[in-house]
Amino acid sequence: MVSDTKFGTTRTRAWKNGRLEAEGFPLEEVSDYLDRGDCLVWADVPSEDDDTLNQVAEELSLDSHAVEQAVIAGGRAKLDRYPAYLFLTCYGTYLDTGSGEISISKLSTFVTERALITVHREADVLSQAIVQQWDSDTELATYGVTGLLHGLLDVVIDTHLDAVQSLDDQIDDLEDLLFDDKLRIRSVQRRTYELRKSLVQVRRVVLPMREVVNTLLRRDLHIVPSELTPYYQDVYDHVLRASEWTDSLRDLVSTIFETNLSLQDARLNNVMKKLTAWAAIIAVPTAITGYYGQNIPYPGFGRHWGFWVSTAVIVGLILVLYRGFKKREWL
């Protein structure tokens with residue numbers, strides 16, 4: 001089914017009349033299947049394998065600039081139109097729920113009249129998921145290359161929705177931590193920044209997909225046949241949902257950050273009130289004992305009842321202050 005090289009995995013498939021006819025064949029045979037006129041071909045190539053990629057580019061007469069864009073890391077998700085084909089750049093997103101970090105897998109796609117060439121930079125997990133999608137919905141191949149492209153986009157957008165859903169769950173857990181009595185402020189701050197960073201990364205790859213799918217749906221370009229328009233419209237709805245979801249989560253993370261600061265201020269105020277209240281309570285016996293510690297006679301000087309009176313006054317005033325502070329919720 002696949003061929004392994006030192007650079008990764010290379011896959012090939014061919015469909016005839018919507019049915020899978022061959023897979024795992026050498027790249028040299030791609031042009032042979034295309035010359036038959038009734039076949040669709042897919043090839044998936046690791047971006048590190050320059051020789052294989054150049055071979056495919058020569059077979060299909062791909063523009064060198066587009067091939068260079070497919071190989072380099074980064075770049076914005078986009079759809080470029082060339083005279084004989086389309087060039088699509090998109091990204092799969094995967095969230096590590098333990099660390100809150102996001103991993104992004106780039107997938108570049110050349111869409112010709114009867115061939116789909118994908119170039120993956122990172123691990124080919126995304127390519128495997130696309131193959132599974134095609135296998136689960138065999139009807140896609142009957143619509144030609146645009147049917148296969150729909151399956152590809154559906155998988156990519158699903159990774160966006162899954163990542164955003166995971167971020168939403170992580171942010172919900174973070175909200176619960178805010179009001180935890182055993183809150184560790186530093187850990188909450190670190191978690192907030194991690195999720196905020198991951199959310200920014202997701203938004204960078206999600207938002208441009210609206211323009212990509214919208215371009216495919218333009219009637220004046222005649223890219224998507226009318227029978228596939230509802231399918232692509234469904235993908236577009238998912239793109240809108242993912243982008244709007246990221247916007248709401250961005251506002252929510254900002255709110256959590258501000259709420260955390262407000263709670264820290266409130267806790268600091270409570271601590272200051274308690275310290276002030278205890279300082280006032282301690283000041284009473286200090287003042288009384290200091291007064292009775294003068295080197296001049298005072299009422300009860302040298303007598304037992306004088307000692308007990310001063311003690312009773314200290315305890316009484318402490319209780320009065322304590323009840324007063326407690327009533328005001330300073331203690």
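# A tour around strand β8

Start at the hairpin, where three residues link β7 to β8. Helices (H or I, at least four residues) and strands (E, at least two) are DSSP runs here, numbered from the N terminus. The model is a predicted one, in which local features need pLDDT of at least 70 and side-chain atom pairs count only at pLDDT 80 or more, while totals for chains, interfaces and linings use all residues. Residues are numbered from 1 along each chain as its sequence is written, and side-chain values use heavy atoms, with hydrogens and water left out.

**Select residues 115-120.** This is strand β8, and six of its six residues are buried (under 20% relative accessible area, with exposed meaning over 50% and partly exposed in between; 1.4 Å probe, protein chains only). Turn the strand and look at its two faces: Ala115, Ile117 and Val119 point one way, while Leu116, Thr118 and His120 point the other.

**Add the neighbours of β8.** Strands count as paired if DSSP finds at least two bridges between them. Show residues 102-111 to bring up β7, which runs antiparallel to β8 over five bridges; here Val111 sits opposite Leu116. Next, show residues 39-46 for β4, whose pairing with β8 is parallel and spans six bridges. On that side, His120 is the bridge partner of Pro46.

**Move on to Leu152.** Which residues does Leu152 touch, once neighbours within four places in sequence are set aside? They are Leu88, Cys90, Leu107, Thr109, Leu116, Thr118, Ile130 and Trp134, where contact means heavy atoms within 4.5 Å. Two of these names, Leu116 and Thr118, you have already met on one face of β8.

**Colour the cores.** A nonpolar core is a set of buried Ala, Val, Leu, Ile, Met, Phe, Trp, Tyr and Cys residues joined through side-chain atoms within 4.5 Å. The largest has 60 residues, and Leu152, Leu153 and Leu216 have the most contacts inside it. Elements that each supply at least two of its residues include β4, β6 (86-95), β7, α4 (125-136) and α8 (229-292). Select α5 as well, since this helix gives the most, 15 residues. Apart from this core lies another, of 25 residues, among them Leu27, Leu34, Ala43 and Leu62.

**Zoom out.** The protein chain holds nine helices and eight strands, and 43% of its 331 residues are buried. Of the contacts with a separation of 6 or more, 64% are between residues 24 or more positions apart.
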